[in-house]
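Me: I am new to this structure and would be grateful for a close look at a single part of it. Please take one residue and explain its surroundings in a connected way.

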Amino acid sequence: MYTQALDSHGREPVPAEEAAAAAARFQARIDAEEKIEPKDWMPEAYRQTLIRQISQHAHSEIVGMLPEGNWITRAPTLRRKAVLIAKVQDEGGHGMYLYSAAETLGIERAQMFTQLLSGAAKYSSIFNYPTLTWADVGAIGWLVDGAAIMNQIPICRCSYGPYARAMVRICKEESFHQRQGFEIMLTLARGSAAQRAMAQDALDRWWWPSIMMFGPPDADSRHSAQSMRWKIKRFSNDELRQKFIDVTVPQAQFLELAIPDPLLRWDEALQHFAIGPIDWNEFQAVLKGNGPCNRERLEARRAAYEAGAWVREAAAAHAARQAARGAEVSAA
């Protein structure tokens, strides 16, 4: 999707006496809504922020294949199986787009994989929860992908061009994923008593983790303010969380399912839904690797990486052979 052999990545050294002026010119471009491209000069902190965010986003897409992939062989109908296979395949593609976008910043894909498999890099905490029933596939599509869309649509206007362009297609596909999840939940909610109970149970378990997907409160977010100045982000964590709540609560009411929050209420003065306190201790525990499925998810990714070693070796050998043949032809 993107050129992976760029001659440079905007890293030309700037003399110390010119650094402040270069940073000012860079911020002026950001303020003017210009897109920053891979060969443009950029502050190293901007580059590293993007590498961290894009690689974590890519890791989340790849790890996110696991909870739903778990249900491909157990989908209740052939139609559900086909749709779920397509969705999981989409997520893998999203990860590849994003790894390619990150590579334009000068980091190797192998390095990003190493960071993920070693536990040094993070991915979305939501994927460390188990999928216990078929209704969880619906809840993930409705809530998790719904939260992802809320977070990712503004990234289509991100100041870094490759990331913004990758997100256009990703968001279009995620919108289908959200509809697929809602349709599963609607079918269950209008089904038998057992199906309705299964849908409610899934909502009970996925609601709060979905709310936490937007990250910590703005007051505790280390990167949010700077990312907004650089227009990597367009809205704060709390703003996006509130947008998601305001959209999703009426959807739950349409399904006639109960949001698992006894303090949920409509605030007439603010024209928003107000929720009860979020358990940020749980969020931090999952981020630190102590969620229900943290170890299982990383073990699955490590096993897949090791199993694919022969493919990478074969591809490298083929590329080397082609290069050697090209050199022979040129020499002749």
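Reply: A polar contact is a pair of N or O atoms within 3.5 Å, where, within protein, one must be able to donate a hydrogen and the other to accept it. With that in hand, one may turn to Thr104. The model is predicted, and all that follows is computed from it.

Thr104 is situated in the loop that runs between helix 4 (78–103) and helix 5 (109–118). Is Thr104 buried or exposed? Its relative accessibility is 2%, and buried means under 20%, so Thr104 counts as buried.

Two polar partners of the Thr104 side chain may be named. The side chain of Tyr160 makes a polar contact with that of Thr104, at 2.6 Å. In addition, a polar atom of the Thr104 side chain lies 2.6 Å from the backbone oxygen of Ala101.

Tyr160 leads on to the nonpolar interior. The largest nonpolar core has 80 residues, and Tyr160 is one of those that touch the most other members, a group that also includes Tyr46, Leu50, Ile54 and Trp206. To this core helix 7 (residues 161–189) gives the most, with 12 residues. As a general matter, nonpolar side chains tend to be buried together in soluble globular proteins.

The surroundings of Thr104 may thus be recalled in brief: its side chain has a polar contact with the side chain of Tyr160, and Tyr160 is in turn a member of the largest nonpolar core.

How values were computed. Residues numbered from 1 in each chain as written. Predicted model: local features only at pLDDT ≥ 70, side-chain atom pairs only at ≥ 80, totals over all residues. Heavy atoms only, no water. Helix = DSSP H or I, 4+ residues; strand = E, 2+ residues; numbered from the N terminus. Buried < 20%, exposed > 50% of the residue type's maximum accessible area, 1.4 Å probe, protein only. Core = buried A, V, L, I, M, F, W, Y, C linked by side-chain atoms within 4.5 Å.
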